[in-house]
Each structure stands twice: as C-alpha cells, then as structure tokens.
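Welcome! Here are a few exercises to help you find your way around a new structure, each followed by a worked solution. Take a look at the model, then try each task before reading on.

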Amino acid sequence: MNSKRILNIALGAYVGAIFVFVFAPIVFSVVFSFNSQRFPTIPLGSFSTEWYVKILNDPDIWKAALNSLIVSSSTAVIATVLGFCTAYSDFRYNFRFKGPYIALILLPPTIPLIIMALAMLAWLSKLGISGQLWSVVIAHSVLTAPFAMAIIRLRLNQMDPDLESASWNLGGSEWATMRYVIIPFCKPAIISGLCLAAAVSFDEFAVSWFVSGLNKTLPVVILEIVQGNIDPQVNAIGTFVFFTSMTLVILAQIFFVQRQIKSTKS
Amino acid sequence: MTKPLVILEKVQKHFGDFIAVKEINLEINEGEFLAIMGPSGCGKTTTLRMLSGLEEPTIGEVRMNGQVMNKVKPHERDTPLVWQSLALFPFLSVIENVEFGLKMRGIDKLERKKRALEWLEKLDILEFSERDISTLSGGQKQRVALARSLVLEPKILLLDEPLSALDAHLVIRMQAVLVQLQRELGITFVYVTHSQSEAFAMADRVVIMGNGEIAQVGTPKDIYRSPQNKFVAEFVGRNNILTGIVSDVKKTKAMIETGSGVFSVILENNSLKKGEQASFVISADLVHLSTSEPKTDNTVYCKLISEEFVGSMVTLFLEDQNNHEFKVQMQERELSKFELKPGSKIWLSWSLKSTHLLEVN
C-alpha cells in the first residue's frame, strides 16, 4: 500500500516536472511580453502593452502575419484534401504494395526538419519556384498531409463498412454516397485535420525559413528580430503565435474527441 | 402468387479459389415470403447480396422481371436490403434516414417528408422522427431500418438476419410486424436467417442451403415432415435418423436393417431395391414411450441419458445398446407419468406412418 503511494507521488512529480519544463519558457515569454522593462529580468517592471502596440504598428509584422495566415489556411485545405483521398483509398480498396504506400505517405514527419527544408529548397529552386509564398504552401502541404490523413483514417476505421453499401442499395451512386455518407461521417475528422494542419504550418520555422525567400512568415520574422537585438516584441509575437496554434490544436481535439464519445455511445 | 419475379439460373459465386455458392437454381414468386435458411457459411448471405447487386455472379444469371441483372449496379436496382447491422446513418436523424433513398432518387423535399412521415406512422415510430439514431432502442432502430427500405415501395424487400440482434420477446413481436406488413403490402420478402423458428413462423416457402447449394425448397411443413436428405433432416433438428440396408421390399413398405434393429418404413413414391443402403427419419415428436415391450413393429429398448426443457415441451436424449442416439419430444405432463431418471430403461416405438424415407444422398 505504502510503496504504491510513494510510486504514485513520484510519478505525479515526474509528470509535473515535464509540464514545468515544457511550459515554463512559454509562460515566461507571455509574462515578459506584458513587462515594461526592455530586458527580461526579475524583479519585473510594471504591466505594459507597449510591445503589443509596437508590433501592431509595424507593417513588416503585419505582412508576415498575413503571409502566415495565407500559408496556413491554404496548407490546411490542400493537406486535408490529400489526406482524405489517401485515407479513403486505404479504406475502400485493396491493392498490391498497400503497406509500402501507407508507409511512404506517413514518412514526411519522420524526416528531420532541417533536411526536409534543405531538400525542399534544392528541389523547388531546381524547378524555379522557390522564394514564393506558394512554395511554402507546397512544402507545408507535404509536411502536414500525413497528420490529416492519420486522423481521417482513424475515423474511417470506425465506420461500419455496410454504411457505404447501404447507401448504394438505397439508390445512391458512388459520388452521391461520397457526398452524403462518407464526407458527413468523416466531418469531425476533416475539421480536426484542417485545424491540425493549419496549426503545424502556422508555427513551422525551418522549412519556411529556407523556402520563403522574401515572403517571410511570422516564425521567420521572429528569428530575424532575435538575431538583431534583444527586443521584447519577440515575446509579444511569440505569445500571439502560441495562442493561435494552441487554439487550433484544441479545436482539433474537441471536434474529434467529442464525436468519438458520441459514436461510441450509439 | 405464381408468376416468378426473380429467377436465379445456374448461379455460382467464387471468391478466388473459394466457392461460396456452387450452383443455385431458384424462382422467387411475386408476393411470396421466402426464407433462405442454413448454417453460417452456407452461401445464403452471398445469394442475397447477388440479388441486391452488391456481388456479381461469377457464373449464371440473375433475372428480375425477365431482365438480366448481372451487370446492373446496386444503385440502379430497386432491391432495398435490411441489414443485419441495420447500417443506419448515425449522423442523420430518424426521418433523414428514412428520406435518404427518396433523396437519392431526386424526389423533392416536401414529397420526401410526407412519404417518410407516412411510413414512420405505419411502423409506429412517428414520435421519434426528429431523434438521433443513437438514442433509439434496438427494436426502434429495427423499425427505422424497415421504414427506410419500405418507403421506396419496392417490389421486393431483402432482409439479412434482421432480427438477430434483438431480445427474444422483441423477435416474436417483430415477426408479427413483418408478416403483417408483407401480407398488407403484397410485396416479395426474401428473408435470410439461420433461425428455424423465424423461418418457419413467417415464410410461405423455405429454402434450405448447405455448402453453397440448395438442399431443399418447400413449405415449412414439407421441410419439417418430409426432409429430402440427411442434411435437411439434421439441420431441421429433433429428427431421429437411421441408416441401414434394405432387407425386404413390399408394396407399401420396406424393411431396413440398421444397427439398432430391423424397422419397417413406409414407401411413398420411392423405389428401393433389396441390398441397397437407405436412410429414414422419425420426427422426435412422433415417438411413443412405454414401460413394457410393445407388441408392434418398430421398437427400440433405450436408456435415458438426459432431458432438455423448453417451456412445457421436453426433449429426451436416449441411447440403445449400440449407443445410437434417439430423441423423443413430448409434453412435460405426459412425461411425468413415466417417472424417468437418467439411466432408466424404457421402450420406444413409432407407427409405420410416422416414418419418412430420405432420398439417398
């Protein structure tokens, strides 16, 4: 009994420590973004929104934010469409080399980002399309499609295969079945896929830095500011980026998990 | 009643090397309630799926109304199916589920709603029309599945073990609902089941399938009282099956020598030759018990092994001196007169007209 309690406390402390290490830097960044002092030192100065006012008045940051928005939303749509098609082909058809096919699709997130970024730069510049905003979209779609596909595939695996046949049986053509049965069934997973792909793309740095050229996204701008000098603006932008990504990830969770609870009840 | 609506001609279905349906010839009449019954893996569901177009016959033809259907896609047919899993759309409400087929057929919104409501009312689930599927009970879901198919007003309705997920008392209720619907609508029902009680309670004709082939087609009574072969006799159950060599053939009966003794068997249209092997059955409910040796033909002295109660009916399992099993079915109150215990010895007997010769298989 006693040793079990000690173990529980130790494990709890361990988990607590992990959370502290992961979130402490972010918490500090948020705290210092509202601090009036230029240097991040304790004791803190007074509460201030100075840095936020500063970034709001900086056209470069506005431009970067807009770029990030365009890139992440386009990436989300492309990655989710690709992910859906792949997941459905896996659900519906049996073919030779299906195992390698799925493995290949799941590969991109396992490649170190820096290598992926270099490879993307080399490849896109060979094709003469690097340094554009949509070259970032291409690179990010490759990176995020596996996430969307994994979520949608999970959802399709929960589907009674008879549903599709039932729709045909009731007079639905294959396209009508796709529109009225498969997509509605996958809707929660599709929405989470969109959110997750957008979140990954929105705060991705390495690939964007290599591929974006002059069309910088927010994470790239952050690095440039940090390279120049110590500027609490970075904390303000960081806070904004962090909360945007977290919101998207949490939305993804809510959509997917809630539907799962609902469908297991039935 | 007599016009065939569907004809299956020399139909076979292969999945790779596996032959699910060996060769089926079957006519399904307009307006009949046909049950296809057999153990799992006998090809009954595959046959149903070929009727709905979800599987295409490898060999042979499926014709409906004289038209060859082999290449017609499922959504181009009018053969709604009630699924074993029900396959209701979980993201649609009850009424949206019922409207689905009409929507696919391009019927406008108002008309769709009107017809769906009519069927929900007919099946007594009108009050649930706006509910989520997940909030319904098993019996209510079953009714939604029926309404979803019947709203299309098809000529033929296919049912794949639709009652297998329900509680026993609901099964009886739904059987009554199904039979009443079928009589009222006058449409053809093709009902696949492994349950003898469901098939016999509802169907006009029963098809018994085994190993991808049809073993017998007939009315429930035909199949129960006059099984054509051992497979049917065993599958229908509660039959005593005896096999032996014909020792004598007379005008209306033959003598067959089995391991349990020599028995007389009635000859109907069968021709038997002396020395041939033959099998016959005596239905378990036609066997009598007596404590002293009866002064008739067809008697066996047996030892009681066990009893099985189903309501007021009892099935006795007995063995003769060669350990051949016999089954006797009777009312519990009749049995109590004999005061039997496991191990008790008793005489079994049956009349000549209770015997039924199997076609040699």
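## Exercise 1: Two packed helices

In this predicted model, helix α3 (residues 59-92) and helix α10 (residues 218-228) of chain A pack with their axes 8 Å apart, at an angle of about 145 degrees.

**Task.** Which residues of α3(A) and α10(A) meet, and how do they divide into nonpolar, polar and charged?

**Solution.**
1. Start on α3(A), which brings A:Ile61, A:Ala64, A:Ala65 and A:Ser68 to the contact.
2. Move across to α10(A), where the partners are A:Leu218, A:Pro219, A:Val221 and A:Ile225.
3. Now sort the residues of this contact: seven are nonpolar, one is polar and none is charged.

## Exercise 2: A sheet in chain B

**Task.** Work out the order of the five strands in the open sheet of chain B, and explain why β13 and β20 stand at the edges.

**Solution.**
1. Read across the sheet: the order is β13-β12-β11-β14-β20, and the pairing is antiparallel.
2. Look at the two ends. β13 (261-266) and β20 (355-357) of chain B each have a single partner strand, so one side of each has no neighbour in the sheet.
3. Follow the turn of the sheet: from one strand to the next, the twist averages 45 degrees.
4. Zoom in on one pair. In chain B, β11 (residues 239-249) and β12 (residues 253-258) are joined in the antiparallel sense over five bridges.
5. Pick out a bridge partner: B:Val246 is matched with B:Ile256 in β12(B).

## Exercise 3: Where the chains meet

**Task.** Describe the interface of chain A and chain B: how many residues are in contact, how much area is buried, and which elements of chain A supply residues to it?

**Solution.**
1. Count the residues: 19 of chain A are in contact with 24 of chain B.
2. Turn to area. About 2000 Å² is buried between the two chains, and carbon and sulfur atoms give 68% of this.
3. Find the residues of chain A that lose the most area to chain B. They are A:Asn169, A:Leu170 and A:Tyr180, together 36% of what that side buries.
4. Check the polar side of the interface. Six residue pairs are in polar contact between chain A and chain B, while the rule finds zero salt bridges across the interface.
5. Locate the elements: α7 (162-169) and α8 (174-202) of chain A each supply at least two residues to the side that touches chain B. α7(A) gives the most, with seven residues.
6. Finish by sorting that side of chain A, which holds nine nonpolar, seven polar and three charged residues.

Terms used: Residues are numbered from 1 along each chain as its sequence is written. Chains are lettered from A and ligands numbered from 1 in the order in which they are written. This is a predicted model: local features need pLDDT of at least 70, side-chain atom pairs count only at pLDDT 80 or more; totals for chains, interfaces and linings use all residues. Side-chain values use heavy atoms; hydrogens and water are left out. Two strands pair if DSSP finds at least two bridges between them. Helices (H or I, at least four residues) and strands (E, at least two) are DSSP runs, numbered from the N terminus. Axes are lines fitted to C-alpha atoms, for helices over the stretch in contact, and angles run from 0 to 180 degrees between N-to-C directions. Contact means heavy atoms within 4.5 Å. Buried area is the accessible area (1.4 Å probe) that two parts lose on being put together, summed over both. A salt bridge is a side-chain nitrogen of Lys or Arg within 4 Å of a carboxyl oxygen of Asp or Glu. A polar contact is a pair of N or O atoms within 3.5 Å; within protein, one must be able to donate a hydrogen and the other to accept it, and residues adjacent in sequence count only if both atoms are side-chain atoms. Ala, Val, Leu, Ile, Met, Phe, Trp, Tyr, Cys and Pro count as nonpolar, Asp, Glu, Lys and Arg as charged, and the others, Gly among them, as polar.
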